[in-house]
Amino acid sequence: MAAAAAVWGRCWSRAWLCRRAGQGCGRHYRAALCAELKQPLAIEEVDPRPVRPHEVRVDVHFCGVNFADILVCHGQYQERPQLPFTPGMEFAGTVLETGTDVSAVKEGDRVIGMSGFNGMAEECVVDHKALWQIPEGVPLREAAALPVSYSTAILALEHRARTQPGETVLVTAAAGATGLAVIDVATNILQAKVIAAAGSDEKCQLAMQRGAHSSVNYSQGSLKEAVRKLVGSGGVDVVIDTVGGDLFLEALRSLAWEGRIVVVGFAGGTIASVPANLLLLKNVSAMGLYLGRYRDQNFPLFSRGLSSAIQYCQQGRIQPHIGAVFKLEEVNDAFLHVTQRKSTGKVLLSLK
Ligand SMILES: NC(=O)c1ccc[n+]([C@@H]2O[C@H](COP(=O)([O-])OP(=O)(O)OC[C@H]3O[C@@H](n4cnc5c(N)ncnc54)[C@H](OP(=O)(O)O)[C@@H]3O)[C@@H](O)[C@H]2O)c1
């Protein structure tokens, strides 16, 4: 994907996007638009549509850039929206207008939104159920970094892996958005010990600064051997893997007796097959976590995950790490930043 992304970056300049923006008349707002898969996004002027009774119009201040947004725009994600569409599954902003049936939020309220799409725009109209109030003391910027990464971390560690205090958690792509959220929640909420595995010394250093107990740079050799040196042949209790491929298999082989490995993503581009004998030999469990599916299948749990993250953040128990903030017209640069493995923590778009 990195090579394709480089071509993408070369052929659509930021200047072109800026020229397109600003055209049009009447009240309108700017939105990033995916008109063709695997092509750069364009910034277009969009006419606002009326809000329906159950909907809310939000003035978007910050929108998260997730690896999944990029996959969607490449047609490589589980969900494939009809073209053209505006990506962006999480945002923070203020309520501009509410539909006639909405009472949970009112104009001026600060809210977090977690919807499938449409966040990468100056305005977003969503179902009121896709909004969570931001409490006092939590800035919009930090709030925008919580929804996808922290809900994923909380559901993976607590609901799926049932991580216990004192257990050892190994996390791959540890300096990424999900990775740092896993470190934050595992160490500061669950009192677990984290081994951070990442692709460079700088990323390992950041993961250590953010609370990891030890780290492994997997670009320099076997992850399994490095983990064995750290914890002995006993292994780790929990693995949260966002990379897939051989790294997933090495992580699986690093599990302790009755360990749990949670498949969260395939950032490396390869989906590994699980050798079932490994599950049997040490009584280990391999399980998946797909956050978006909980929205449809178990909304109370989905909502509780994000509400917990908001509460932990307000209490100062967790602190999202924002590695970079891009402007809306720099959205293609932001995507490249992630696909070229340059990002750390959460990457945001600022719409203001
Ligand atoms: N299942 C769910 O509900 C869910 C929720 C959130 C995220 N995810 C998935 O989790 C993964 C991480 O997402 P994120 O948004 O948190 O991204 P991220 O970790 O901030 O960025 C991706 C990281 O993956 C690592 N990576 C390894 N091989 C790569 C490659 N070939 N190309 C690009 N990156 C590579 C890089 O870290 P190193 O350099 O350290 O290897 C990179 O920084 C994605 O696959 C995403 O779809 C799934």
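Biologist: How many residues of domain 1 are in contact with residues of domain 2?

Modeller: This is a predicted model. In it, 10 residues of domain 1 touch 12 residues of domain 2, where contact means C-beta atoms within 7 Å. On the domain 1 side, the touching residues are two nonpolar, six polar and two charged.

Biologist: Where in the chain does each domain run?

Modeller: Domain 1 takes in 2–145 and 321–350, while domain 2 covers 149–292. Their C-alpha centres are 29 Å apart.

Biologist: Which residues are closest to the ligand?

Modeller: The closest are Gly-176, Thr-178, Gly-199, Gly-265 and Leu-291, out of 31 residues that surround the ligand. Two or more residues of this shell come from each of helix 3 (67–73), helix 5 (147–160), helix 6 (177–188) and helix 13 (331–339). Helix 6 gives the largest share, three residues.

Biologist: How many residues of the shell are nonpolar, polar and charged?

Modeller: The shell holds 17 nonpolar, 12 polar and two charged residues.

Biologist: Where does the ligand lie with respect to the two domains?

Modeller: The ligand lies between domain 1 and domain 2, because both give residues to the shell around it.

Biologist: Now the sheet. What is the order of the six strands in the open sheet?

Modeller: First the general idea. Strands of a sheet pair through backbone hydrogen bonds, and the pairing is either parallel or antiparallel. In this structure, the six strands of the open sheet follow the order 10-9-8-11-12-13, and the pairing is parallel.

Biologist: Which strands stand at the edges?

Modeller: Strand 10 (214–217) and strand 13 (285–288) do; each has a single partner strand, so one side of each has no neighbour in the sheet. From one strand to the next, the twist averages 20 degrees.

Biologist: How many bridges join strand 8 to strand 11?

Modeller: Three bridges link strand 8 (residues 168–171) with strand 11 (residues 236–241), and the two run parallel. As an example, Val-169 has Val-238 in strand 11 as its bridge partner.

Biologist: What does helix 8 touch on the sheet?

Modeller: Helix 8 (residues 223–231) packs on the sheet and touches strand 8, strand 9 (193–198), strand 10 and strand 11. The direction of helix 8 makes about 160 degrees with that of strand 10.

Biologist: What radius of gyration would a compact globule with 352 residues have?

Modeller: A compact globule of 352 residues would have a value near 20 Å, and the chain has 20 Å, so the two agree. Along the principal axes, the C-alpha atoms fill a box of roughly 65 × 45 × 35 Å. The chain has 13 helices and 15 strands.

Note on methods
Residues numbered from 1 in each chain as written. Predicted model: local features only at pLDDT ≥ 70, side-chain atom pairs only at ≥ 80, totals over all residues. Domains from an automatic or database assignment. Contact = placed C-beta atoms within 7 Å. Nonpolar A, V, L, I, M, F, W, Y, C, P; charged D, E, K, R; others polar. Near = placed C-beta within 6 Å. Helix = DSSP H or I, 4+ residues; strand = E, 2+ residues; numbered from the N terminus. Pairing = 2+ DSSP bridges. Axes fitted to C-alpha atoms, helices over the stretch in contact; angles between N-to-C directions. Rg over C-alpha atoms; globule rule 2.2 N^0.38 Å.
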